[in-house]
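Work through the following exercises with the sequence and the coordinates at hand, and attempt each task before reading its solution.

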Amino acid sequence: MSVGIWTFAFDGAPIGQVREAAAEIEELGFDALWFGEYPGREALTQAALLLGATSRITVATGVARFDRRSPAGVAGGARTLAEAYPGRFVLALGGHARGGKPVETVRNYLDEMDATEFTSPEPVPRPRRLLAALGPRMLRLAAERADGAHPYFVPPEHTALAREILGPDAYLAVEQGAVLDGSRGLEIARAEVGTYLGVAAHHRVNLKRLGFTDDDLAAGGSTRLVEAVIAIGEQKAADRIQAHLDAGADHVCVQVITGEPGLPLAGWRQLAGLVR
């Protein structure tokens, strides 16, 4: 079972605490450490700090935003990290395309990345490149021009569809939100889901593609939708991880959601006990 940690919490903590947390996540036995980029620390710089604080674990951007950096810059940064930490860095790219043509925008961005010339040595192995892909066209682009996809905010039904589109060989790393505290689980999960439904049109489109209705998307999300996207309680979290793997995921990175600020250290320790 390949399970990692996904978090937005690093940006709210001093970098010394982030380094200590990364080292503990590695000691807990997780396979990978994923972190988001918005609106905090620059992704490739933070990846270097996390790689330097650990010795074994894979560090992955989830995602590095292509709309915040040039193609040559991200290509050079990824190569540098892959050379310095062989086999331990994963570059997942995503962001918001201007002009309403996300697939074409990302394709052109990848063209520019791949055309960049370098005088530095070629890293061995080269860094794995993933795309933040939800819809069929972006998933097909991930299969064509990257090593796979990193879907976010999706139930296992999406994972099965993604695997079918990507084919058997592409790498599929799926984010799964989890509220391990069952006593306030639905309340905390609905607040989390409501944040995305309120500002992220692409997530609403993706959920409707999976069969959810306008009623499901209203008022912070129906209970059916909330429980489909966020696993509530320890057993549901363990079951949901397995469901993604059974549906074709190669790796599941779990975002422990507490509804409170700060690093969810207790939740990461609790999750480690579930997946060992």
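**Exercise 1.** Determine whether Phe153 is buried or exposed, and find what is notable about its phi.

*Solution.* Phe153 has a relative accessible area of 4%, and because buried means under 20% relative accessible area, exposed over 50% and partly exposed in between, with a 1.4 Å probe and protein chains only, Phe153 counts as buried. The next step is the backbone: phi of Phe153 is near 65°, which is a positive value in a residue other than glycine. Most residues other than glycine have a negative phi, and most peptide bonds are trans. As for its place, Phe153 sits in the loop between β7 and α6, where helices (H or I, at least four residues) and strands (E, at least two) are DSSP runs numbered from the N terminus.

The model used here is predicted, so local features need pLDDT of at least 70 and side-chain atom pairs count only at pLDDT 80 or more, whereas totals for chains, interfaces and linings use all residues. Residues are numbered from 1 along each chain as its sequence is written, and side-chain values use heavy atoms, with hydrogens and water left out.

**Exercise 2.** Treat Ala219 in the same manner: where does Ala219 lie, and is it buried or exposed?

*Solution.* Ala219 is located in the loop between α9 (214-217) and α10 (223-229). Its relative accessibility is 77%, and Ala219 therefore counts as exposed. Its phi is positive, about 55°, although Ala219 is not a glycine.

**Exercise 3.** Identify which residues are joined to Pro39 and Pro125 by cis peptide bonds, and place both prolines in the chain.

*Solution.* For Pro39, the partner is Tyr38, and the cis peptide bond between them has an omega of about 0°; Pro39 is found in the loop between β2 (32-35) and α2 (43-52). For Pro125, the bond comes from Val124 and is cis with omega near -5°, and Pro125 belongs to the loop between α4 and β6 (128-131).

**Exercise 4.** State how many aromatic pairs the structure holds, and classify the pair of Phe10 and Trp268.

*Solution.* A pair of aromatic rings is described by the distance of the centres and the angle of the planes. Rings of Phe, Tyr and Trp (its six-membered ring) pair if their centres lie within 6.5 Å, and planes under 30 degrees apart count as stacked, over 60 as edge-to-face and the rest as tilted. The structure holds six aromatic pairs. One of them joins Phe10 and Trp268, which are 6.2 Å apart centre to centre with 75° between the planes, an edge-to-face arrangement. Phe10 lies in the loop between β1 (3-7) and α1 (15-27), while Trp268 lies in helix α12 (residues 265-275), so the pair ties together parts that are 258 residues apart in sequence. Phe10 is buried, with a relative accessible area of 1%, and Trp268 is buried, with a relative accessible area of 1%.

The rings of Tyr152 and Tyr196 have centres 5.6 Å apart and planes at 55°, so this pair is tilted. Tyr152 lies in the loop between β7 (148-149) and α6 (156-166) and Tyr196 in helix α7 (residues 185-199), so the pair ties together parts that are 44 residues apart in sequence. Tyr152 is buried at 12% relative accessible area, and Tyr196 is buried at 14%. Finally, ring pairs link Trp6, Phe8, Tyr152, Phe153 and Tyr196 into a cluster.

**Exercise 5.** Decide which residues of α6 are buried, and explain why they lie on the same side of the helix.

*Solution.* The buried residues of α6 are Pro156, His158, Thr159, Ala162, Arg163 and Leu166. They cover an arc of only 145° around the axis, which puts them on the same side of α6; the arc is that of the directions from the helix axis to the C-beta atoms. An α-helix has 3.6 residues a turn, so residues three or four places apart point the same way. The exposed residues Glu157 and Glu164 are carried by the face of α6 that is turned away from its buried side.
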